Amino acid sequence: MTEDPAVPVFGMERIRRARYAVAAVFAVHGAVTGSFATRVPWIQDHASVSAGQLGLALAFPAIGASVAMPLAGSVSHRFGARTALRGLLTLWTLALILPALAPNLLTLCLALFVYGASAGMSDVAMNALGVEVENRLNKSIMSGLHGMWSVGALTGSAAGTVAAHIGADARLHHTLAALVLTALGLAACQGVLDLRSAPDEEPPPRFTLPPRSALVIGAVGFCAVFAEGASMDWSAVYLKDIMGSSAGLAAASTTAFALTMAIARIAGDKVVDRFGAVRTVRVGGLLATLGGLLVVLAPGSATALCGFGLMGLGVAVVVPLAFAAAGRSGTNPSRAIAGVATITYTSGLIAPSAIGSLAEATSLLVSFGLVTVLAFGLVLGAQVLRAGDRRAAEGGVAQPAPARSSAGD
């Protein structure tokens, strides 16, 4: 958004209210993901697809997101941030209905394409608003916002666990969930900042290459989100097929993962302010690596559940810190944020497909061995997130937020 003297700057009280509104949007977005992830085994059985075919189908959200995500900026430019988010979030919540309706591989692929496209566009829109609020407040909030996403995912997965335990039809479950989440999402969008482009501002390009800084930061985010996506979509299948767990206990693995992520992200802003982004991510990488080892070497379901929980704890704050680092790197923060968002989000969407393809060729044990290796990559690559520290690595000096533009409400 360009600077427009005719448009008033938001007051701090208005910005604080917008923070809570965008937090609610994050929670709704996460609830859709949690609702879907717990019923993947049901959807697999309903569509009569193998692990390899399921992996193929789960590639289509990545394809849909890759096609649609570059359009999010243009939609916001044309309609304004609030209206764009309202429409894109509604598409996402209603898209939850589609996968459970698919009777075969072809229709499942089509449903997941739409699912991924709506997920990607709404994700870009809400993260852009979150970064805008963070910079106007001049304090870290992105970890907390992503924590609210995890709270939503936890809520959705908890409801899905109950539905799976009682043997509920996922078509009914997801239809009811979609209607409730659509209503909640529309209500939350009323409170977000209504950022608008200046009348003479050029529309953003639909496709642009991210700067080099975004590629480096995005590589670290890629490792974290790959572990997150693999665990969210395959943990229930892993416990069911490898550990021989019941449907209810298998679905609980997704809940354990989402729970530890939610706790870590809600506490993440204070932890990062005290210890810095680099130390936080290094320790998180070690925890995620240990969790991956527990999953791969687990003698029983309880150990595997603990492993998934540790992975969630370890990767929780990496993505928020990647956005923060991108926003404070280079000469074009907006372009860097968009680049990191594309890399990290695409990682989460291709991870389930990659896990399924590798599982088909080898086994799920080997697939989660790969996840463990990528988790260790966080330890090695944490240094590139130093730009995301709001305090200097030494001395605890607050880092200034970059200047942001004014916009009308």
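Ser-48 sits in the loop that joins H2 to helix H3 (51-57), and this small stretch makes a convenient way into the predicted model. The phi of Ser-48 is positive, at about 55°, although the residue is not a glycine. Most residues other than glycine have a negative phi. With a relative accessibility of 61%, Ser-48 passes the 50% mark and therefore counts as exposed.

Some totals help to place this loop in the wider chain. The secondary structure of the protein chain comes to 17 helices and 0 strands. Of its 409 residues, 57% count as buried. Among contacts in the chain with a separation of 6 or more, 86% are made by residues 24 or more positions apart.

On the N-terminal side of the loop, H2 (residues 40-47) packs against helix H1 (residues 12-38). The angle between H1 and H2 is about 55°, and their axes are 4 Å apart. That angle falls between the ranges for roughly parallel and roughly perpendicular, so H1 and H2 are oblique to each other. The residues that meet are Phe-36, Ala-37 and Thr-38 from H1 and Val-40, Pro-41 and Ile-43 from H2. Phe-36 also belongs to an aromatic cluster, together with Trp-92 and Tyr-115.

H2 has a further partner in H11, with an angle of about 75° and axes 8 Å apart. H2 and H11 are therefore roughly perpendicular to each other. Here Val-40, Pro-41 and Gln-44 of H2 meet Asp-233, Ala-236, Val-237 and Lys-240 of H11. Val-40 and Pro-41 thus appear in the contacts of H2 with H1 and again in those with H11.

On the other side of the loop, helix H3 contains Ala-57. Its relative accessibility is 0%, so Ala-57 counts as buried. Leaving aside neighbours within four places in sequence, Ala-57 is in contact with Leu-105, Leu-108, Cys-109 and Leu-112. The C-alpha atoms of Ala-57 and Leu-110 are separated by 8.5 Å, although these residues are 53 positions apart along the chain.

The contacts of Ala-57 lead on to helix H8, which covers residues 105-137. At 1.5 Å a residue, its 33 residues should span 48 Å, and the 47 Å between its end C-alpha atoms agrees with that expectation. Because 25 of the 33 residues are buried, H8 is largely enclosed by the rest of the structure. Both ends of the helix have something to show. Asn-104 caps the N-terminal end, where a side-chain oxygen lies 3.3 Å from the backbone nitrogen of Leu-106. After H8 comes Asn-138, whose phi is positive, near 55°.

Helix H5 (residues 71-79) holds Ser-76. The relative accessible area of Ser-76 is 16%, under the 20% limit, so this serine is buried. Beyond residues up to four places away in sequence, Ser-76 touches Ala-81 and Ala-84.

Aromatic side chains provide another set of links, and the model contains 6 aromatic pairs. One of them joins Tyr-238 and Phe-308 in an edge-to-face arrangement, 6.0 Å centre to centre with 80° between the planes. Tyr-238 lies in helix H11 (residues 212-241) and Phe-308 in helix H14 (residues 301-315), so the pair ties together parts that are 70 residues apart in sequence. Tyr-238 is buried, at 0% relative accessibility, and Phe-308 is likewise buried with a relative accessible area of 0%.

Phe-308 is also among the contacts of Ser-253, a residue of helix H12 (residues 247-275). Ser-253 counts as buried, its relative accessibility being 0%. Two polar approaches involve its side chain. A polar contact of 3.1 Å joins the side chains of Ser-253 and Ser-235, while a polar atom of the Ser-253 side chain lies 3.3 Å from the backbone nitrogen of Ala-236. With neighbours within four places in sequence set aside, the contacts of Ser-253 are Ser-235, Ala-236, Leu-239, Leu-305 and Phe-308. Ala-236 brings the description back to H2, since this alanine is also one of the H11 residues that meet H2.

Technical notes: Residues are numbered from 1 along each chain as its sequence is written. Side-chain values use heavy atoms; hydrogens and water are left out. Helices (H or I, at least four residues) and strands (E, at least two) are DSSP runs, numbered from the N terminus. The expected span of a helix is 1.5 Å times one less than its number of residues. Buried means under 20% relative accessible area, exposed over 50%, partly exposed in between (1.4 Å probe, protein chains only). A polar contact is a pair of N or O atoms within 3.5 Å; within protein, one must be able to donate a hydrogen and the other to accept it, and residues adjacent in sequence count only if both atoms are side-chain atoms. Rings of Phe, Tyr and Trp (its six-membered ring) pair if their centres lie within 6.5 Å; planes under 30 degrees apart count as stacked, over 60 as edge-to-face and the rest as tilted. Axes are lines fitted to C-alpha atoms, for helices over the stretch in contact, and angles run from 0 to 180 degrees between N-to-C directions. Angles under 35 degrees count as roughly parallel, over 145 as roughly antiparallel, 65 to 115 as roughly perpendicular and the rest as oblique. Contact means heavy atoms within 4.5 Å.
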